[in-house]
Amino acid sequence: MIEVRELTKRFGDRIAVDGISFEVRDGCVLALVGTSGCGKSTTLRMINRLVDPSSGEVMIDGRNALDMPLEQLRLGIGYVIQGIGLFPHWTVARNVATVPRLMGWERERIEARVSELLELFQLDPGEFAGKYPSELSGGQQQRVGVARAIAAEPAVLLMDEPFGALDPITRQRLQAEFAAIQRRRRMTVILVTHDMDEAFKLADTIAVMDEGRILQIASPEELLREPRQGFVRTLVGLDDRALRILSLHTVDEIRREPTGRWEVRGETLIDRESGRAVNGLGAGDTLREAASRIIWEAVETLPVLEAGSVVGEVRADDVWAAGGRRA
Ligand SMILES: Nc1ncnc2c1ncn2[C@@H]1O[C@H](COP(=O)(O)OP(=O)(O)OP(=O)(O)O)[C@@H](O)[C@H]1O
C-alpha cells in the first residue's frame with residue numbers, strides 16, 4: 001500500500017506539486033494523467049526520492065519512505081522511465097539483471113529469471129540476451145526496460161510513460177503484455193501517462209492532475225459517468241464515453257443462456273433464423289468489440305463461443321444498456 005499525504009514540491013517560486021494526497025492499495029494500478037507539466041513525473045520521483053519533497057509524506061506499507069535508507073527504498077521499487085534509460089554498454093541480460101545482482105542473488109537464479117522475463121516479453125533469450133540496447137528496436141528496448149524494472153519482483157512499480165514514443169500497434173501489444181503480467185503478479189503500480197486510453201485500459205483508479213493538483217480521483221467508469229469539472233470532461237472525451245465505458249466491460253458480464261438458434265456445422269456457425277453464417281464472440285471480448293461486431297453484422301444477437309461450442313448469447317439491447325446513461 002502506498003499512501004501519499006499532502007505532498008508538495010516547489011522549484012524556487014514555482015509549485016510543481018501542490019499538496020496532493022492519494023492511496024494505492026496492494027495489487028492495484030493508479031494512473032496519474034494530465035497535460036504536460038502538471039506535475040505527474042515530479043510526483044512519481046518524490047516516491048522513490050529522485051526528487052526531495054518540499055513537504056508532505058510518502059508511506060509505503062506503513063513505513064515513511066523519506067526515513068528509509070535510500071538504497072533499501074530504491075531496491076524495493078521498480079522504476080520504468082520515459083525514454084527507456086537502459087545502460088548502453090551492458091547487454092540486455094545484464095540490464096535486466098541489474099537489481100537482482102545488486103541484491104546479491106545467486107548466478108543461476110539470476111540467469112533463470114532473466115530468461116523467464118525475456119520469454120515473458122517475447123524476446124527469445126537465445127537471440128536477445130547478448131545483444132546491446134543499440135541493436136534493438138524502440139519497442140524491444142521498452143520491453144527490456146519494463147523487464148528490468150520488475151526483475152526482482154518489486155512490490156511497488158513506478159512507470160513514467162512506459163509505452164510512450166511507440167507506434168500504436170506495438171504500444172497496444174506491450175500494454176496487453178503488461179496487463180497480463182499484472183494480473184498474475186499483482187504489483188502495486190503507479191503509472192504516469194498522458195494517454196487516456198492507456199489509463200482506461202490499465203488502471204483501477206485514475207487521478208486527473210492539473211497545475212500540481214488532483215482534480216478528481218475515481219475508477220475509470222466513475223470518471224466517465226461523472227466527470228466533475230470542465231477539464232476532466234475534456235480529458236475524458238465525452239463524445240466517446242459510451243464506447244469507453246463499453247471497453248471496460250466484457251461479454252461474460254451480460255451474456256444470456258443460449259437459445260436453440262445456433263447450429264454448429266463443422267467449422268461454421270449458422271444462425272438458423274437468418275440462415276447466415278456468423279462469427280461468435282469470446283467471453284473475454286469487451287462490449288466495445290461486441291458493439292462493433294453487432295453494428296457491422298447488422299444483427300440483434302450474437303453467440304458466445306468457448307472451445308468451439310456455443311455457451312451463451314449477447315443481445316444488442318443489453319450492450320446498448322451497458323454503455324448508456326443509467327436511469
Ligand atoms: N528539476 C526541476 N527544476 C525546475 N523545475 C522543474 C524541475 N522538474 C520539473 N520542473 C517543473 O515542474 C513542473 C512539473 O513538471 P513534471 O515533469 O512533473 O510534469 P509532467 O506532468 O510529468 O509533465 P510531462 O508529461 O511533460 O513529463 C513543470 O512546470 C516543470 O517545468
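I began with the handedness of one helix pair: α14 and α15 cross in a left-handed sense. I note that this is a predicted model.

**Entry: α14 and α15**

I looked up the residue ranges. Helix α14 covers residues 287–297, and helix α15 covers residues 316–323. I read an angle of about 130° for their packing, with the axes 10 Å apart. The two helices are therefore oblique to each other.

Next I listed the contact residues. From α14 I have L287, A290, A291 and I294. They meet A316, V319, A322 and G323 in α15. I sorted this contact by class and found seven nonpolar residues, one polar and no charged.

**Entry: α7 and α8**

I then turned to another pair. Helix α7 runs over residues 138–150, and helix α8 over residues 168–185. Their axes come within 11 Å and cross at roughly 20°. Angles under 35 degrees count as roughly parallel, so α7 is roughly parallel to α8. I recorded the crossing of α7 and α8 as right-handed.

Which residues make the contact? On the α7 side I noted G139, Q142, R143 and V146. On the α8 side I noted T170, L174 and F178. By class, I wrote down three nonpolar, three polar and one charged for the contact of α7 with α8.

**Entry: the ligand shell**

I asked which residues are around the ligand. My list starts with F11, A16, G34 and S36. I added G37, C38, G39, K40, S41 and T42. H194 is also in the shell.

Which helix gives the most to this shell? I found helix α1, residues 40–47, with three residues. I also split the shell by class: seven residues are polar, three are nonpolar and one is charged.

**Entry: domains**

Last, I checked how the chain is divided. Domain 1 takes in 2–236, and domain 2 takes in 248–323. I read 37 Å between the C-alpha centres of domain 1 and domain 2.

Technical notes. Residues numbered from 1 in each chain as written. Predicted model: local features only at pLDDT ≥ 70, side-chain atom pairs only at ≥ 80, totals over all residues. Axes fitted to C-alpha atoms, helices over the stretch in contact; angles between N-to-C directions. Helix = DSSP H or I, 4+ residues; strand = E, 2+ residues; numbered from the N terminus. Parallel < 35°, antiparallel > 145°, perpendicular 65-115°, else oblique. Left-handed = near helix turned anticlockwise from the far one by under 90°. Contact = placed C-beta atoms within 7 Å. Nonpolar A, V, L, I, M, F, W, Y, C, P; charged D, E, K, R; others polar. Domains from an automatic or database assignment. Near = placed C-beta within 6 Å.
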